[in-house]
Amino acid sequence: MVANADTAHGYDDALTNLIPWDGPIAPRAHLHTDAPALDLSGTWRFRLVDSPHETPEGFTDPEFDDRDFVDLAVPSCWQMTDPAGDAPFGRPAYLNVNYPIPVPAPDEDVVVPDENPTGCYRHTFDVGSDFTDAERVLLRFEGVDSFARVWLNGTELGWTKGSRLTAEFDVTAHVRPGRNVLAVAVSQWSDGTFLEDQDMWRMSGIFREVTLLARPHDGIDDLFVHASWDDGATLLIDGPEGATVTIPELDVTTSCNTTVTIPNAQPWTAETPKLYDATVSTSTETVTVRIGFRTVAIDADNIVVNGEKIIFRGVNRHEWHPRTGRTLDEETMRADLELMKRHGINAIRTSHYPPNARFLDLCDEYGVWVLLECDLETHGFEWSDWKGNPTGDDRWYDCLLNRIQRTVERDKNHPAIIGWSMGNESHTGEGIRLMNEWVKHRDPSRFTHYEGDYAHAICDVWSIMYPAMEWVEAVRDRTVMPGADPAPQTGRERGLPFLMCEFAHAMGNGPGELADYEERCFDPHFHRDRMHGGFVWEWIDHGIDTGRGYAYGGDFGEPLHDSNFVCDGLVMPDRTPSPGLLEFAATMGAVRIEIDGDHQHDGNGVTVINRRDFADLSDLEFRWQILDDGECVQAGMLDVGALAAHHTWTGTVPRPDDVTDRMVVVVDARLIDDTIWAPAGHVVARTSALLTPPSRPSLHVSTSSQPRRDGHGWSLGPAHFDRRGRLVTWGGADLVAPVLDLFRAPIDNDRASSLARDNIGDVALAAGLNRLVHTTTSVRQDGDDLVVVTRSAAAAASNSMLATWTWRAIRTDDGSEGIHLGLHVDPRGHWPAMLGRIGVTMGLPAEWTNVSWFGLGPTENYPDSQRAAIWGRWNSTVADLQTPYVMPQENGLRQGIHELTLSGPDGGLRLIADGSKPAFAARPWTSQALMDATHTWQLEPDGHTWLTVDAISAPLGSTSCGPMPIMSHRLYAQPVDLSLTLLLV
Ligand code: IPT
């Protein structure tokens, strides 16, 4: 039944008639042809009205006077026109699960609001005889969000829905020589909106290319390339009878619909993306296709390509650009693939819609496994317990089938695509089963995927999102997942390949625990069957560039929004790699280097593991270096050679005779030659290890003086303490005295998630970690020492931390003056929260901005995210130590600190760790300011350099949309000790 129509005069009932389209021709592949094509991208005339009822009278008429209209680029998302400024066409809105419009109840007709922003587009273009003489002319729209009704030269062509799917209208009867006028009415809301509830900015418009295509008589309208590999290549191209197929590089000439075997070809894999340029010709048209020979199969519970099990070191990728939204140019698409390949990513799930078609050409070329997902998500029906959910309501099944057919038909010729995904978060229903059945019939050469196939009845793989570590272990060990209901491993899923379609939520600072997932699911041993890795959520932060920083949900006055949950990527909005991406490369990357610094003598100190599934390592050279406090003292190459896939090499690096306590061995693997995704010299993998000196030489110090009491407190070497025993001056510089610090500005992964049992950040705030009251309970001289005892506790709470600060004035052998701190912290009572850290924070002069340390760096690192960090001597400024997460939060920690210097023009502080090695962060603002700021532009230096030194730091985890951190990673109250020597600079 048609909703809205009876009640609203002139209402376009197609908006809600649950019919996918009317007018477009049957879906087919996008082919690269020599037939004439006219790109209609450019400046169009545009007017936005509040409702489809209000489109200007006659605007579809070629002679309509559109001087009242304004210019708008096509393709574009209309809300991305000056969104933070005048926003002439409305502003973007970010929602995750919630629908942006009211949802139909199960027994109701589908309606969409009358207030339905509608863009009226007009475009005038000239065509020549190459079009008017063609047998057929098609008008192709690659992406219009969400409903388009189309007219050419005043005649209506029809309408289409399916925002990220192609629609082609036959305009043969309407196109004319010379001037043509195209008019399109695009409405923001339609019944399609209920199938497009993806977690993203809701935007509208003609956001992908529009093209006019001349179709010759005897042309090639569609092809289906079947290029398989089984120790040799086999080719069959379904196409027009009699069309000639040539592959010059392989000396192949054949015809469509004929199967040929090709002995001398090489296979295509994501690691070795060998493509052959082929032509398919009729008397009137030549189409070029890039062929990659490969066979995807499910072998027992393995996904195999060309007979080899593959592992997905993957990411979920939305299309995003901070200034153009979901309209992407080729340069941006290439940037994504280059960055992915450089960081060891080998697979993409196109969450949750087919990408721009050009992107898939590039995936074939760069080499990446693609799990191609249909444009489908109905997540918001979850709130009504999935009642009325389209995938279980037969009124919608034509729409669902239309979507999957358009998905598969457009992209079926890409070797990179190895699996089809029905969509995301749309619950289970007959509709999904029908989609899957259609795909299996149309293209049995790929596996099918749908995470919501909870009964594991439909698809070829078993897919889970955000599993807890114990669940991954249970799958690996074939035991029952603790707490899962119904208990998996009892049905068909037992025999299916397993992958995580989403895991490791890269929101803000994180994801942590990548190494833990890697160990369990990415198969360091290769022989484990079934475990196929997964896809990190997600590739990019969808921040919107406002000119002064990035905006997120709620910044445009949306009445309903999901805040910064849209900024959860491995790259920042401008595609700067985040520390999370570096950690991904270091943990998931296929080339693995392990160093045992203590065994350099034994001939097995270095292990190189080729975790690739196909390619050997002949493209890489392995270099070792021994650095002494940052200075390279010895270097050489390792002869790893053409180590075959899944093989391991062991060797050694010479151990220097005289090993110092600042000596590090670093081994890296670099590209020998330029590749399409990185220049020669690009480092694919790097690992370091500390060389342990035979006996650790410690700093030689002697006591320089005893504490001296004066009218204001105590003097101790270059330091002065007030009467409460607080260190307040250092070599003449005023300090904000060090206090015990248990707090970190909550990271996104500390905040709530429906999947976490706890909101770590809220519990920490409730426990008062950010408002500890520090009370000196005693100050006394004990021989050479000044011993200060403090009690730190929050208002209203009786649990506390007792800290004993033992200070002593010292002088080093080389004459440096300083003090030594022995700090012992002891928790009393029950601490109800996980802690952000157990450390000390003090305020240094703002001018002390130069930072140099020996420890893990140069990138920030945390206890569960430290594989990307390298041991060594690192130099920075305080400003450069900050990672500007879109939502300000704890960042910038560096661990394993042996020595740290902060200095400015008039002095500084050098800190040497004698015992266990602490972590540090240095910031121009406090943790409280970091917490209070909601956007980067609100952070202002406050006149201090705040130095935090942690005895222990909390992990990152993935709790913003995932399980709690592994128990052994969690930081609970516990006794700690710190032993630091502070020297004047
Ligand atoms: C999961 C969604 O599939 C994805 O689109 C995104 O929203 C992600 O969460 C969070 O960023 S669904 C979630 C309920 C597990």
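Which side chains meet in a salt bridge with a distance of 3.1 Å, N to O, when one of the two partners is Asp 529? Before I answer, please keep in mind that what we have in front of us is a predicted model. The partner of Asp 529 in that salt bridge is Arg 478. This pair links distant parts of the chain, since Asp 529 sits in the loop between α7 (514-521) and β34 (531-537), while Arg 478 sits in the loop between α6 (469-477) and β33 (498-505), and the two are 51 residues apart. Asp 529 has a relative accessibility of 36%, so it counts as partly exposed, and Arg 478, with a relative accessible area of 40%, is partly exposed as well.

That pair is one example from a longer list, for the structure holds 70 salt bridges. Let me take a second one, in which the side chains of Arg 164 and Asp 375 come together at 3.1 Å, N to O. Arg 164 belongs to the loop between β11 (155-161) and β12 (167-170) and Asp 375 to the loop between β29 and α4, so this salt bridge ties together parts that are 211 residues apart in sequence. Here both Arg 164 and Asp 375 are buried.

A third salt bridge joins the side chains of Arg 873 and Glu 899, with 2.6 Å from N to O. In this case both partners come from strands, Arg 873 from β57 (residues 870-877) and Glu 899 from β58 (residues 899-904), and they are 26 residues apart. Why do we call Arg 873 buried? The cut-off for buried is under 20% relative accessible area, and Arg 873 has 18%, so it counts as buried. Glu 899 is buried too, with a relative accessible area of 4%.

Now compare these pairs with Asp 453, which is placed in the loop between β31 (447-449) and β32 (462-465). Asp 453 is buried and yet has no salt bridge, and the nearest side chain of opposite charge, that of Arg 492, is 4.7 Å away. A salt bridge here requires a nitrogen and an oxygen within 4 Å, so at 4.7 Å Arg 492 does not qualify as a partner for Asp 453. If we leave aside the neighbours within four places in sequence, Asp 453 is in contact with Ile 458 and Cys 459.

Let us move on to helix α3, which covers residues 357-366 and is mostly covered itself, with eight of its 10 residues buried. Among the buried residues are Phe 359, Leu 360 and Leu 362, but also the charged residues Asp 361 and Asp 364. The elements that cover the buried residues of α3 include helices α2 (330-342) and α4 (397-411), together with strands such as β28 (347-349) and β29 (369-373). At the N-terminal end of α3, Asn 356 acts as a cap, with a side-chain oxygen 2.9 Å from the backbone nitrogen of Arg 358, and after the helix comes Gly 367, whose phi is positive, near 90°. Arg 358, Asp 361 and Glu 365 also take part in a network of salt bridges, whose other members are Asp 277, Arg 290, Glu 330 and Arg 334.

Helix α8, residues 579-588, is likewise mostly covered, and eight of its 10 residues are buried. The buried residues of α8 include Leu 581, Phe 584 and Met 588, and among the elements that cover them are β27 (312-316), α7 and β37 (591-595).

Where, then, is the ligand, and which residues are closest to it? There are 14 residues around the ligand, and the closest are Asp 199, His 352, Asn 424, Glu 502 and His 505. The side chain of His 352 has an N or O atom 2.6 Å from an oxygen atom of the ligand, and for Glu 502 a polar side-chain atom lies 2.7 Å from a ligand oxygen. His 505 also places a side-chain N or O atom 2.7 Å from an oxygen of the ligand. On its own the ligand has 390 Å² of accessible area, and the protein covers 90% of that.

I will finish with Trp 831, in the loop between β54 (817-828) and β55 (837-845). Trp 831 has a relative accessible area of 6%, so it is buried. Not counting residues up to four places away in sequence, Trp 831 touches several others, including Leu 742, Leu 769, Met 801 and Ala 973, and its side chain reaches the backbone oxygen of Ser 800 at 3.1 Å.

Note on methods:
Residues are numbered from 1 along each chain as its sequence is written. This is a predicted model: local features need pLDDT of at least 70, side-chain atom pairs count only at pLDDT 80 or more; totals for chains, interfaces and linings use all residues. Side-chain values use heavy atoms; hydrogens and water are left out. Helices (H or I, at least four residues) and strands (E, at least two) are DSSP runs, numbered from the N terminus. Buried means under 20% relative accessible area, exposed over 50%, partly exposed in between (1.4 Å probe, protein chains only). Contact means heavy atoms within 4.5 Å. A residue is near a molecule or strand if one of its heavy atoms lies within 4 Å of it. A polar contact is a pair of N or O atoms within 3.5 Å; within protein, one must be able to donate a hydrogen and the other to accept it, and residues adjacent in sequence count only if both atoms are side-chain atoms. Accessible areas come from the Shrake-Rupley method with a 1.4 Å probe; for residues, only the protein chains shown count as cover.
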